[in-house]
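This report describes the surroundings of the bound ligands, and then turns to a helix and a hairpin. Please keep the sequence and the model in view while reading.

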Amino acid sequence: MENDKVTTHYRACNLCEAICGIEIGVRDGAIVSIRGDREDPFSRGHICPKAVALQDIYDDPDRLRHPMRRTKDGDWKRIGWDEAFDLTAEGIRRVQRDHGLDAVGVYLGNPNVHNWGSLLFAPPLMRSLRTRNLFSATSVDQLPHHVAATLMFGHKLLLPVPDIDRTQHLLVLGANPAVSNGSMMTAPGFKRRLEELKRRGGRLVVIDPRRTETARIADQHHFIRPGTDALLLMALLQVVFDEGLERLGRLGEFCDSLATVQSVVIDFPPEHVAPVVGIGAEAIRTMAREFATADSAVCYGRIGVSTQVFGTLCQWLINVLNVVTGNLDRVGGAMFTRPAVDLVASTGRGSLGRRSSRVRGLPGFAGELPVAALAEEIPTDGPDRIRALMTVAGNPVLSTPNGVQLERALAELDFMVATDCYTNETTRHGNITLPRTTALEHDHYALVFNLLAVRNTAKYSPPLFDPGPDARHDWQILAELHRRLDRSPLTARWKRWLKAKLGPRRMLDLGLRFGPYGSGLRPFASGLTLRRLEKNPHGLDLGPLEPCLPDRLRTRERRIELSPQPFVDDVKRLKQQLDARPTGASLVLIGRRQLRSNNSWMHNYRRLMGGTDRCTLVMHPDDASDLGLEDSERVAVVSRTGRIEVKLELSDEMMRGVVSLPHGWGHDRTGTRISTAEQHPGASLNDVTDDQQVDPLCGNAVLNGLPVRIERAVDKGPKDDHSR
Ligand SMILES: Nc1nc2c(c(=O)[nH]1)N[C@H]1C(S)=C(S)[C@@H](COP(=O)(O)OP(=O)(O)OC[C@H]3O[C@@H](n4cnc5c(=O)[nH]c(N)nc54)[C@H](O)[C@@H]3O)O[C@H]1N2
Ligand SMILES: Nc1nc2c(c(=O)[nH]1)N[C@H]1C(S)=C(S)[C@@H](COP(=O)(O)OP(=O)(O)OC[C@H]3O[C@@H](n4cnc5c(=O)[nH]c(N)nc54)[C@H](O)[C@@H]3O)O[C@H]1N2
Ligand code: SF4
Ligand SMILES: [Mo]
């Protein structure tokens, strides 16, 4: 502490999945420091450069603090909350009355999973809208993980987490946790955990078309041709069976259809897949042997393998590899968590294909449709066409494939409302914007990320600042809209009323009390309550992950289905990939995350925006010389859907034939009010990704491995990234 007037506030950062404990020094109502909380039992002091943004978001002069309505001349006017809620409810009701329930679409963005108020209050509002046109960032992200979890383990949230603190062998495909800080694997301080892995003699192997920050600290890295990981996984399994390395152990007692897996993988020996994936057959064999014979091992694949053309098969085969080598539900393997508030117990299992999208017939999952279908549902004529849209914490113009097409569609809507505190690339198209409070103004509990954490912990973060009487939390906005739009019979409305009365805080207390560590309602019992969390501001350690199968399975017989039929059926498509010889004609594009960005929305904070242009296209020098291109010149990236211009950066960290560009840029649209981001616009990767490219099995977007043409930019001048 600098002096005795500085008070210290402890909380968890909710900006990414790592939920780092932070320590905020406050003097005279102003933040004087943000540091990692060394006493947080989970993050042990780790933070990243983004943590300071918690303050910058709060202080940002561009942040909307009042509801706004767009006027006829396209300007924005401040209005009161009551008027904003009235106009929103009226806009939605009118469209549903005139055009049917499905005429309202909703898009839920990623920050909802980082915001417990939204997690608790968005689902009932969504249900009450009774539209099938629900979309979210899930289908540009982890949808294949959920589909595999439902079909194999019986619940969409039974997501195995790599037990990285105890494993001896970590095989990573399509993830860069050294930069992303881990995803579907909450593990604050990944690099330190990796050092610990090495110290105990463990190994890290990385499969990635780019020699990433994670690959650089790995024991081994293999380039892979984008989109071919399912073939590699098939070959790894083929070797495991061919060489008799399978050892299911106790898992064998509750696994079905092992023989089907064995019969399927026969067609994919390393020699067949090697030329397509770009990894030698002997290297694949060694990889399989090392994995299968390690004391413990876990295969983990993330966005690079989820958002590709065989994303669902990848997540299936990753689970299968962990199972057949005896590494599921085992210390040091892929394990299930036991969070203090258990969403597995309180949410639906998810089912695939019960509904489908109107225009293209893409399959739905767990009440949602793939967002790659959103744009076409707006202009395509027909009775159920979407005419009103609600976005909640989302920026689909920059985040979903073919953003240009979506923008054109948004302009055709009769009504649009956004819950967001920025006028950005998406919300600028709306009629009403409902700004929520920022993280430091509300309390927080990581409902989702404790479910995905490599260790069971619990932490309650109280609010730091009083938001004042004219501010609304996300949950309050959602609860009020629900109240105004509720169509349930009067007798059923008490539930909604009760939830709004309780609010997230008291709902959390109940969740903790009736969760696996809870005390129930017994006043003197020693179990977990909110009060106990409040007494432990650094968080509580609830211990390492523990084996819990078959009890935790939610399949009918509590058995693991190793070969769900939709996956087995899709193998035919995979065989075609094996047989199709690569043409080598065009380059393929993949994404790249950066430490100081967070998807599309953290480019407005000066402290994160110093240095040179980050929105660069990275290419192997030999590919550049084939094309006659030079380092640092401006190039055009051209695809079926669009064309963008960015700066070229040459590096042999790229596999030949592959180029990489970060997403979430493209802040040069007119009518936005994000002044810092506008000075560093970059270009949007999703202007060149293709809404028609999806994994047909579940409709997840293909954001990696897309063919593109790279050519010299029309404007060759030294256009710097500050021009608009
Ligand atoms: N090409 C390509 N595209 C991708 C990806 C990729 O790797 N490549 N990644 C995909 C992935 S994994 C994801 S998760 C998506 C993200 O896609 P989105 O969720 O659509 O986009 P974000 O950039 O996270 O935008 C979040 C929006 O919510 C607002 N916001 C932030 N916090 C809050 C809050 O607490 N409450 C409210 N109401 N609003 C808030 C921000 O101002 C911003 O407008 O992008 C996807 N798009
Ligand atoms: N700093 C920062 N952290 C973030 C985010 C952010 O935007 N910035 N976003 C957050 C979100 S929403 C998410 S979902 C997570 C994502 O977390 P990660 O999945 O760890 O994210 P990426 O860094 O995009 O890693 C994906 C990797 O896949 C590789 N790849 C691309 N195509 C292929 C392929 O076909 N095969 C293989 N094997 N690899 C491929 C890419 O080169 C890249 O290294 O990160 C979260 N954390
Ligand atoms: S790693 Fe994620 S949770 Fe940790 S400080 Fe950075 S943004 Fe926050
Ligand atoms: Mo994500």
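In this predicted model, a polar side-chain atom of D229 lies 2.7 Å from a nitrogen atom of ligand 2, and two backbone contacts to nitrogen of that ligand accompany it, one from a backbone N or O atom of G174 at 3.3 Å and one from a polar backbone atom of L595 at 3.4 Å. Taken alone, ligand 2 exposes 910 Å², of which the protein buries 98%. The elements that give two or more residues to its shell are helix 5 (177-180), helix 12 (303-306) and strand 23 (587-591). Of the 34 residues around ligand 2, those that come nearest are S180, D208, D229, S597 and N599.

For ligand 1, 27 residues form the surroundings, and Y107, N110, S399, D420 and S600 come nearest. An oxygen atom of ligand 1 is 2.5 Å from an N or O atom in the side chain of S600, while nitrogen atoms of the ligand are found 2.9 Å from an N or O atom in the side chain of N686 and 3.1 Å from a polar backbone atom of T419. The protein covers 97% of the 920 Å² of accessible area that ligand 1 has on its own.

The residues around ligand 3 are C13, L15, C16, A18, I19, C20, I47, C48, K50, A51 and N181. The table sets out the residue classes in the three shells.

| Shell | Nonpolar | Polar | Charged |
|---|---|---|---|
| Ligand 1 | 10 residues | 12 residues | five residues |
| Ligand 2 | 11 residues | 15 residues | eight residues |
| Ligand 3 | nine residues | one residue | one residue |

Helix 8 comprises residues 229-242. At 1.5 Å a residue, its 14 residues should span 20 Å, and because the end C-alpha atoms are 20 Å apart, the model agrees with that expectation. Is this helix buried or exposed? Of its 14 residues 13 are buried, so helix 8 is largely enclosed by the rest of the structure. Helix 8 is followed by G244, whose phi is positive, near 65°.

A positive phi also appears in the hairpin of strand 15 and strand 16, where six residues lie between the strands and G361 takes a value near 70°. Strand 15 (residues 352-356) and strand 16 (residues 363-365) run antiparallel and are joined by two bridges, with S356 standing opposite P363 of strand 16.

Terms used. Residues are numbered from 1 along each chain as its sequence is written. Chains are lettered from A and ligands numbered from 1 in the order in which they are written. This is a predicted model: local features need pLDDT of at least 70, side-chain atom pairs count only at pLDDT 80 or more; totals for chains, interfaces and linings use all residues. Side-chain values use heavy atoms; hydrogens and water are left out. Two strands pair if DSSP finds at least two bridges between them. Helices (H or I, at least four residues) and strands (E, at least two) are DSSP runs, numbered from the N terminus. The expected span of a helix is 1.5 Å times one less than its number of residues. Buried means under 20% relative accessible area, exposed over 50%, partly exposed in between (1.4 Å probe, protein chains only). A residue is near a molecule or strand if one of its heavy atoms lies within 4 Å of it. A polar contact is a pair of N or O atoms within 3.5 Å; within protein, one must be able to donate a hydrogen and the other to accept it, and residues adjacent in sequence count only if both atoms are side-chain atoms. Accessible areas come from the Shrake-Rupley method with a 1.4 Å probe; for residues, only the protein chains shown count as cover. Ala, Val, Leu, Ile, Met, Phe, Trp, Tyr, Cys and Pro count as nonpolar, Asp, Glu, Lys and Arg as charged, and the others, Gly among them, as polar.
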